[in-house]
Amino acid sequence: MYIRDLDRFDEMTNISKELRKKLARVAYISRLKLAERQISAISGTEKFLWQLEDGLYIESVLIPEKDRRTVCISSQVGCALGCKICATGKLGLTRNLYTHELVEQVMGIQRMLGEKISNVVVMGMGEPFQNYDNLLKALYIIKDSDGIAIGHRKITISTAGLVPEIKRYSEEGHQFQLALSLHATTDAQRNKIMPINKKYPLDELITASRAYAQKARSRLTVEYVLIDGINDTPEDAHRLIKMLKGIPCKVNLIAYNPTSDEFKRPDKARIQAFSDIICPILYAPVTLRLSKGDDIDGACGQLAGTPKYNTNR
Ligand code: SAH
Ligand code: SF4
């Protein structure tokens with residue numbers, strides 16, 4: 001199914017006719033229906049709006065770069081965690097995605113592109129660790145050499161910080177990369193932008209993340225969205241350094257993408273100043289990401305799954 005990309009059992013000529021007939025009687029191969037495809041004139045980033053079999057919508061994003069094709073996939077229809085910075089958070093949760101719906105986001109884009117996808121990030125709509133079992137089943141299919149054959153290291157799960165699942169993921173010893181959406185250096189700050197912090201406050205989160213990172217064979221990615229006047233002061237930078245001490249990690253600074261009037265993106269000088277404080281002191285690689293695709297609402301935090309049709313809710 002994956003290597004030859006077939007969608008009908010009667011095309012599977014390497015299995016017996018009898019088995020083909022039986023399979024067609026009891027199952028079918030489901031593909032996602034493309035509802036809309038938008039391309040960013042600025043960065044070449046593409047956004048795909050898919051319609052699921054029950055009529056709901058989700059989005060995926062393709063980020064083409066010189067030597068890689070990264071697909072950002074959704075894990076849920078909407079999201080229950082309600083982060084204040086995020087358009088998906090405003091939708092609430094409708095349902096988890098099934099395994100095949102996760103895998104098909106990658107297959108579908110690869111099929112349309114006619115080119116192999118090299119990297120997958122689970123950073124679209126939804127909290128992947130709230131859909132733990134389906135997520136891992138899908139990622140192992142995406143990784144498998146009889147599946148889409150994308151290596152462990154080229155697949156990243158991003159979590160808003162579900163502590164029990166971080167522990168479970170660590171204990172089970174999976175090797176997909178893990179990214180943590182940290183975004184704040186005090187509980188008061190984090191409570192304001194990420195309500196999940198009230199359930200799993202920073203000390204628990206950092207303890208679980210440290211344990212994971214010390215055990216994992218690759219560094220934890222720490223995502224930090226810079227929001228003007230909220231978490232971007234020099235004091236924040238110094239607290240961040242202290243907080244990450246001893247954690248094998250790399251830091252992704254992301255400039256806030258506007259999703260509401262409540263928050264603003266800091267100006268370039270403020271972003272640079274933050275980066276200049278942490279870079280020399282933090283013994284970790286730091287990258288500064290000015291998100292691509294914001295002209296088509298396809299950048300981090302902007303996916304709402306409903307550009308034209310708002311029928312999800
Ligand atoms: N639910 C997961 C993965 C999806 S969100 C998570 O929260 O980690 C992917 C990333 O985009 C997260 O780091 C999230 O915090 C960030 N994000 C959300 N809203 C954003 C915004 N308006 N600007 C920039 N990044 C944002
Ligand atoms: Fe959900 Fe992640 Fe958006 Fe928070 S940032 S609401 S966890 S998708």
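Visitor: How many residue pairs are in polar contact between domain 1 and domain 2?
Guide: The structure is a predicted model. The domain assignment divides the protein chain into domain 1 (1-29) and domain 2 (31-296). Between domain 1 and domain 2, with both residues at pLDDT 80 or more, the number of residue pairs in polar contact is three.

Visitor: How many salt bridges are counted between domain 1 and domain 2, and which side chain does R31 meet in a salt bridge?
Guide: The count of salt bridges between domain 1 and domain 2 is three. For R31, the N to O distance in its salt bridge is 3.6 Å, and the side chain it meets is that of D7.

Visitor: What area is buried between domain 1 and domain 2, and which residues in domain 1 lose the most?
Guide: About 700 Å² is buried between domain 1 and domain 2, and carbon and sulfur atoms give 49% of this area. In domain 1, three residues together account for 71% of what that side buries; those that lose the most area to domain 2 are Y2, I3 and D5.

Visitor: What distance separates the centres of domain 1 and domain 2?
Guide: The contact takes eight residues from domain 1 and nine residues from domain 2. Taken over C-alpha atoms, the centres of domain 1 and domain 2 are separated by 36 Å.

Visitor: Is S74 buried or exposed?
Guide: S74 is placed in the loop between strand 4 (69-72) and strand 5 (76-78). Its relative accessible area is 0%. Because a residue under 20% counts as buried, S74 is buried.

Visitor: Which residue offers its backbone nitrogen to the side chain of S74 at 2.9 Å?
Guide: Not counting residues up to four places away in sequence, S74 touches I58, E59, L97, L102, Q105, G124 and M125. A polar atom of the S74 side chain lies 2.6 Å from the backbone oxygen of E59. The backbone nitrogen that the side chain of S74 reaches at 2.9 Å belongs to M125.

Visitor: Where is L52, and is L52 buried or exposed?
Guide: L52 lies in the loop between strand 2 (46-51) and strand 3 (57-64). Leaving aside neighbours within four places in sequence, the contacts of L52 are L32, I58, V77, R95, L97 and E101. Because its relative accessibility is 3%, L52 counts as buried.

Visitor: How many Å apart in space are L52 and M123, C-alpha to C-alpha?
Guide: In sequence, L52 and M123 are 71 residues apart. In space, C-alpha to C-alpha, the distance between L52 and M123 is 19 Å.

Key. Residues are numbered from 1 along each chain as its sequence is written. Chains are lettered from A and ligands numbered from 1 in the order in which they are written. This is a predicted model: local features need pLDDT of at least 70, side-chain atom pairs count only at pLDDT 80 or more; totals for chains, interfaces and linings use all residues. Side-chain values use heavy atoms; hydrogens and water are left out. Helices (H or I, at least four residues) and strands (E, at least two) are DSSP runs, numbered from the N terminus. Buried means under 20% relative accessible area, exposed over 50%, partly exposed in between (1.4 Å probe, protein chains only). Contact means heavy atoms within 4.5 Å. Domain bounds come from an automatic or database domain assignment. Buried area is the accessible area (1.4 Å probe) that two parts lose on being put together, summed over both. A salt bridge is a side-chain nitrogen of Lys or Arg within 4 Å of a carboxyl oxygen of Asp or Glu. A polar contact is a pair of N or O atoms within 3.5 Å; within protein, one must be able to donate a hydrogen and the other to accept it, and residues adjacent in sequence count only if both atoms are side-chain atoms.
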